[in-house]
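Here is a short briefing for someone meeting this structure for the first time. Please look over the sequence and the model, then read on by topic.

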Amino acid sequence: KRAVTIANRTFWLSLLAGIGSFYYVTKKDRTPGVQLPHDPQKKTIVVLGSGWGATSFLNTLDTTDYNVIVISPKNFFLFTPLLPSVAVGTLSPRSIIQSTRYVTRHKTRAVEVIEAEAQHVDVVNKTVSFIDNSAIQGELSATTIPYDYLVYAVGAEVQTFGIPGVTEHACFMKELHDAEKMQRLFLDCLESAAFHGQSEEEIKRLLHIVVVGGGPTGVELSGELHDFLEEDLKSWYPELADKIKITLVEALPSVLPMFSRRLIEYTVSTFKESKIDILTQTMVKEVKDKSVKLALPDKTVIDMPCGMVIWAAGNRGRAITQDLMAQLPGAQTNKRGITIDEYMEMKGTNGTIFAVGDCTSSSHAPTAQVASQQGAYLARAFAQRVKRDDLEAKVTELERSVAMILHDDERKKTQDELEGAKRQLAKFKIRPFTYSHQGTLAYIGSDKAIADLPFLNGSFASGGFLTFYFWRSAYLSTLFSLRNRTLVATDWVRTKIFGRDVARE
Ligand code: FAD
Ligand code: NAI
């Protein structure tokens, strides 16, 4: 009896302690302290972007030694790996975004956050021009500011290859509003198919969803759509659910080329069971209002009727990036993106511009994993840069003193000190960036995920239910804040209990 009482008390005490510490941590997060103001003596870092590269940079940077200004058209960070889950309503949009101010308000020195789109970087004069192009603007909505260092992390934009009709008729899967738009359009297709007296042929067309691009975005989205169909639509649209068809179109001979052959085969067989059609070696030539024009492997061109097209065919550099590179024609010749060295320095900019993430062309794939490691590395390198600058200042100061001191003994002492500082400076090296690959993961629907994980000197491939739980826990722990982790975890529970919402906003 006594043991039961002790166990009981321990349980309640631990529960109380858990709630108490959760409350304490969240309260502390919501009440950041007073920050140091900007210091005109310190150098200014201007950061362009609030995505993976920029946020990781800001998270890691010690702002004590720099004035920092962040400019981005979005005042939040978007956790892209879970975007396809938002598109079908498994997660709420707000669960996977985090205000940039949440990061910057916890820094030692105040960071200025400006919601604006950078339009031009002047490499010679070291300035950035930007505009506020949101719906509401103040008297001043365009200006130019100087920088000492520029951290360039504007990512990439959707690649359309100039294919007719893509911009007008297809739905992208890159930004939060793309996922919200896709959810609305998909439910619209369902409601239009349910319209009284709709012909069988029109129902078939409206319920045919075409996903273009067999990269991880297209595959994950197809898997999420299948889950929505199986777990919810069968209950709420019983007369239509069996008529919904998902087709994944890929120009290359295989989907997911970055995964091992075994996992590609596993995905293809899972999609077969899920009745998701995969058309490989098939190129989308045009997107029309009610169909897509396809060039099949035998070169015949057909018009395939469909209700909606989701475009996940890859990315390309932004116009501002091309403009920036064009200012350095000798050093920036790679059409895929900004050429950087192993210190993230943009070649040709003499240590003033650093670029990370999808806007660069390096030997690494354009992934969140790479962008966040590069951002964190760069922040650490900036801390080392301060130490180097301090040493350089010390050497200059000592050289000046040596020239001025008349007393021999004193001059000898200062001379020794100068030699010591010079030796330290000569030895001082900022370590280059090294990428540590943590593996590649993708969700393929039906509570299954695939993972290619580094193991010893090779890799370990796994797929299925267990990998799905690993996928979930990996992304839950990667989310930047306790708030996001809590929201995503509760969304998963909510979807399990109540299902996804089919109300169309
Ligand atoms: P982004 O994260 O795109 O950030 C760019 C930032 O720049 C944004 O804040 C943007 O608003 C801002 N910006 C744009 N234009 C301007 C301008 N003119 N001035 C100032 N700021 C500007 N990678 C993985 O490793 N694992 C995954 O599971 C994964 N899943 C993904 C799922 C989806 C649906 C998508 C679309 C991508 C996924 N990725 C994944 C890829 C990953 O999101 C990108 O590689 C990553 O976002 C690149 O980070 P970045 O900082 O370079 O760019
Ligand atoms: P992607 O570039 O990886 O894939 C796009 C695919 O579309 C390509 O396979 C291409 O052949 C195909 N394509 C292009 N034009 C086409 C056309 N006209 N018709 C038919 N097919 C066409 O793009 P994705 O999937 O958006 O990924 C972008 C980056 O983000 C990649 O580096 C990827 O690794 C990363 N990412 C990683 C994820 C993960 O690790 N789980 C998830 C999503 C993205």
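The shell around ligand 2 divides into 15 nonpolar, nine polar and two charged residues. This is a predicted model. Of the 26 residues around ligand 2, the nearest are G213, G215, P216, T217 and G314.

**More on the shell of ligand 2**

- Helix α8 (216-236) and the strands β15 (283-287) and β21 (440-445) each supply at least two residues of this shell.
- The largest share comes from α8, with four residues.
- Two domains take part: domain 2 (35-155 + 318-385) and domain 3 (166-316 + 436-498) each give at least three residues to the shell around ligand 2.

**The shell of ligand 1**

- Around ligand 1 there are 33 residues.
- The closest to ligand 1 are G49, G51, G155, G357 and T367.
- By class, the shell around ligand 1 has 17 nonpolar, 11 polar and five charged residues.
- Three helices, α2 (52-60), α3 (83-87) and α11 (368-404), each supply at least two residues of the shell around ligand 1.
- Two strands, β2 (66-72) and β6 (117-122), also supply at least two residues each.
- The shell around ligand 1 draws at least three residues from domain 2 and at least three from domain 3.

**The chain as a whole**

- The chain has 505 residues, and buried residues make up 36% of them.
- Its secondary structure comprises 14 helices and 23 strands.
- The C-alpha trace spans about 105 × 80 × 60 Å along its principal axes.
- Take the contacts between residues at least 6 apart in sequence: 65% of them join residues at least 24 apart.

**Domains and the contact between them**

- The chain is divided into domain 1 (1-31), domain 2 (35-155 + 318-385), domain 3 (166-316 + 436-498) and domain 4 (387-426).
- Domain 2 and domain 3 have C-alpha centres 30 Å apart.
- Where these two domains meet, 27 residues of domain 2 are in contact with 25 residues of domain 3.
- On the domain 2 side of this contact, β3 (76-78), α3, β4 (97-99) and α11 each supply at least two residues.
- Which element gives the most to that side of domain 2? α3 does, with five residues.
- The side of domain 2 that touches domain 3 has 17 nonpolar, nine polar and one charged residues.
- Two of the elements on that side, α3 and α11, also supply residues to the shell around ligand 1.

**The parallel sheet**

- Five strands form an open sheet, with parallel pairing.
- Their order is β11-β18-β12-β13-β14.
- Why do β11 (170-172) and β14 (276-279) each have one side without a neighbour in the sheet? They stand at the edges, each with a single partner strand, so one side of each is left free of a neighbour.
- Neighbouring strands of this sheet are turned by 25° against each other on average, direction ignored.
- β11 and β18 (308-311) run parallel and are joined by three bridges.
- Within that pair, C171 has I310 as its bridge partner, and F172 stands opposite W311.
- Helix α6 (176-193) packs on the sheet and touches β11, β12 (208-212) and β18.
- The direction of α6 makes about 140° with that of β11.
- Four bridges join β12 to β18, and these two strands run parallel.
- W311 of β18 also has V212 opposite.

**The antiparallel sheet**

- Three strands form an open sheet in the order β21-β22-β23, with antiparallel pairing.
- β21 and β23 (458-464) are the edge strands, and each pairs on one side only.
- Neighbouring strands here are turned by 15° against each other on average, direction ignored.
- β21 pairs with β22 (448-455) over five bridges in the antiparallel sense.
- L441 stands opposite A451 of β22.
- Helix α13 (465-478) packs on this sheet, touching β21, β22 and β23.
- The direction of α13 makes about 75° with that of β22.
- β21 links this topic back to the opening one: the strand supplies at least two residues of the shell around ligand 2.

Terms used: Residues numbered from 1 in each chain as written. Chains lettered and ligands numbered in written order. Predicted model: local features only at pLDDT ≥ 70, side-chain atom pairs only at ≥ 80, totals over all residues. Near = placed C-beta within 6 Å. Nonpolar A, V, L, I, M, F, W, Y, C, P; charged D, E, K, R; others polar. Domains from an automatic or database assignment. Pairing = 2+ DSSP bridges. Axes fitted to C-alpha atoms, helices over the stretch in contact; angles between N-to-C directions. Contact = placed C-beta atoms within 7 Å. Buried ≥ 20, exposed ≤ 12 C-beta atoms within 10 Å, placed from the backbone.
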